[in-house]
Amino acid sequence: MDATYTLSLGDPLEPVRKATAQMLQTRERTFSLEQPFYSDERLFQLDMQEIFHKEWLIAGMTCEIPNKGNFLTLQVGDNPIMVVRGAEGVVHAFHNVCRHRGSRLCTSEKGKVAKLVCPYHQWTYELDGRLLFAGTEMGADFDMSQYALKPVHCKTAGGYIFVSLAEQPPAIDDFLATLAHYMEPYDMENTKVAVQTTLLEKANWKLVIENNRECYHCNGSHPELLNTLLEWDDVNDPRATQAFKDHVAESAARWEAERIPFAHASFGLRNRIVRMPLLKGTVSMTLDGKQGCRKLMGRIKDPDLGSMRILHLPHSWNHCMGDHIIVFTVWPLSAQQTLVTTKWLVHKDAVEGVDYDPEHLRKVWDATNDQDRRLAEENQRGINSSAYQPGPYSQTYEFGVVNFIDWYSERMLHNLGAAPAPYLRQVNE
């Protein structure tokens, strides 16, 4: 089906686009969204088109593809993507689609190849996407230069790989420069994934993010997490106690002496980096608060670095400690199904069973992720009811949720080409 014929079919989501824009333009800012945003498959398709296909996403970590020919794959909606390490260490991203008849080239989650070879008819591509071989069957006049792999925008910083499917992705370089500075102590090229889990949640992706953006529910739901976590993101939080502020000041003085970045850095509402101390007497997000890995990361000497929290909307949050890093990414599957991937990273020379016990390392967040899954799923079940109507957010305990919905509303309206909502300040960079 050629592009002209595709366009002639019209946009079946056009009525949904108009209704979505109107709901976002007229909604009460400090209330949850209307029911279709959490349950309707057509609006889910719009989320994929206008958010996940246009914003920057974390595809993985550079340590997962350390050498030339290493690749990883991911799925963004209906789009299979591959990320590969090419010549001179350059990281490339492509649509994982052969230019012959559209088969996926890389069919495993990770691997290593000399060239990218389609398993269907053996069309062969260089690691930079150029078509090298299509066989004499294509004829003497076949121009291989016209059939390179279709690229995906790709940037790396601080050990993270970012991709965007947009033709013109939003600006992100200022955040990436800051991220690289804050991640410098960790020497991310010399890390490895010690443990990885994937959890299916029967809930809309926005409910998963909303749940993460507040700790209003923590006291009643997360006993393991609260063994170490202090919920406040900043001393300016109206709930922050003087004892907490003193704890932050003492910790910051230690970090500054070690040249460890810690100050709060924000880029609109999409990105935030801040280092906050953990509960006094604890140094890592483990069940006993002790180091989860004996070998510290990078140039770090003091395990008591608290947790550096990194937010990247629409789909990631992170905790960076002295001994390990935890990376969470959220991948929508349908209006009411979401995958949450968690990766625990340690120094690449740390030895399993000697320097770290995977079960000890993951126990707190295995429990917390499952507790959050149950909360999100019960939230979804209630929202599906005919009795649901948007409810008010707490301006103190749920300000992070308000910020997320502000960001989502602004980006959706912008990407739809609709007028901005009058209640929104400019939240995009």
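# Exercises on a predicted structure

E359 and R362 sit 3 residues apart in helix α9, so about one helical turn separates them. The model used here is predicted. Keep that in mind throughout.

## Exercise 1: Salt bridges in helix α9

**Task.** Examine the pair E359 and R362, then the pair E378 and R381: how far apart are the closest N and O atoms in each pair?

**Solution.**
Step 1. Take E359 and R362. Their closest N and O atoms are 4.0 Å apart, and the pair forms a salt bridge. The cut-off used here is within 4 Å.
Step 2. Look at the surroundings of E359. E359 has 47% relative accessibility, so E359 counts as partly exposed. That class runs between 20% and 50%.
Step 3. Take E378 and R381. Their side chains meet in a salt bridge, with 2.6 Å from N to O. Both residues lie in helix α9, 3 residues apart, about one turn of the helix.
Step 4. Add the network. D370, R373, R374 and E377 are joined into one network by salt bridges that share partners.

## Exercise 2: A bridge across the sequence

**Task.** Which residue pairs with K343 in a salt bridge, and which parts of the chain does the pair tie together?

**Solution.**
Step 1. Start with the total. There are 23 salt bridges in the structure.
Step 2. Find the partner. K343 forms a salt bridge with E64, and the closest N and O atoms are 2.8 Å apart.
Step 3. Place both residues. K343 belongs to strand β17 (residues 337-347), while E64 lies in the loop between β1 (57-61) and β2 (70-76). The pair therefore ties together parts that are 279 residues apart in sequence.
Step 4. Check the burial of each partner. Buried means under 20% relative accessible area. K343 has 10%, so K343 is buried. E64 also has 10%, so E64 is buried.

## Exercise 3: One face of helix α5

**Task.** Which residues of helix α5 are buried, and why do they line one face of the helix?

**Solution.**
Step 1. List the buried residues. In α5 (residues 173-183) they are F175, L176, T178, L179, Y182 and M183.
Step 2. Look down the axis. The buried residues of α5 fall within an arc of 165°, so they line one face of the helix.
Step 3. Turn to the other side of α5. There, D174 and A177 are exposed.

## Exercise 4: An annotated domain

**Task.** Which residues does the UniProt annotation "domain: Rieske" cover, and how much helix and strand do residues 56-163 hold?

**Solution.**
Step 1. Read the record. The UniProt annotation "domain: Rieske", from an unreviewed entry, covers residues 56-163.
Step 2. Read the fold of this stretch. Over residues 56-163 the chain is 0% helix and 40% strand.
Step 3. Compare the ends. The end C-alpha atoms of residues 56-163 are 6 Å apart.

## Exercise 5: The enclosed space

**Task.** How many cavities of 30 Å³ or more does a search of the whole structure find, and what lines the largest cavity?

**Solution.**
Step 1. Count. The search finds 1 cavity of 30 Å³ or more.
Step 2. Give the volume. The largest cavity holds about 70 Å³ of space.
Step 3. Name the lining. It consists of E201, V208, N211, N212, W317, V340, N369 and D372.
Step 4. Assign elements. α6 (205-212) and α9 (358-383) are the elements that give two or more residues to this lining. The largest share, 3 residues, comes from α6.
Step 5. Sort by class. The lining has 3 nonpolar, 3 polar and 2 charged residues.

## Exercise 6: Two open pockets

**Task.** What volume does the largest pocket have, what volume does the second largest have, and which element gives the most to each lining?

**Solution.**
Step 1. Begin with the largest pocket. Its space is about 700 Å³. It is lined by 38 residues, of which N212, R213, D233, R272 and R309 are the closest to its centre.
Step 2. Find the main contributor. α10 gives the most to the lining of the largest pocket, with 4 residues. Among the elements that supply at least two residues are α6, α9 and α10 (399-416).
Step 3. Sort by class. The lining of the largest pocket has 14 nonpolar, 14 polar and 10 charged residues.
Step 4. Move to the second largest pocket. Its space is about 490 Å³. Of its 22 lining residues, T73, L74, Q196, W331 and T341 are the closest to its centre.
Step 5. Assign elements again. β1, β2, β11 (191-201), β16 (325-334) and β17 give two or more residues to the lining of the second largest pocket. β16 has the largest share, 5 residues.
Step 6. Finish with the classes. The lining of the second largest pocket divides into 10 nonpolar, 8 polar and 4 charged residues.

Technical notes:
Residues are numbered from 1 along each chain as its sequence is written. This is a predicted model: local features need pLDDT of at least 70, side-chain atom pairs count only at pLDDT 80 or more; totals for chains, interfaces and linings use all residues. Side-chain values use heavy atoms; hydrogens and water are left out. On a 1 Å grid over the protein atoms alone, a cavity is a set of points where a 1.4 Å probe fits but cannot get out, and a pocket is an open set with protein on both sides within 12 Å along at least five of seven lines; lining residues have an atom within 4 Å of a point. Grid points are joined across faces, edges and corners, and a volume is the space filled by probe spheres set on the points. Ala, Val, Leu, Ile, Met, Phe, Trp, Tyr, Cys and Pro count as nonpolar, Asp, Glu, Lys and Arg as charged, and the others, Gly among them, as polar. UniProt positions are given in the numbering used here, feature names are shortened, and annotations may be inferred rather than shown by experiment. Buried means under 20% relative accessible area, exposed over 50%, partly exposed in between (1.4 Å probe, protein chains only). The arc is that of the directions from the helix axis to the C-beta atoms.
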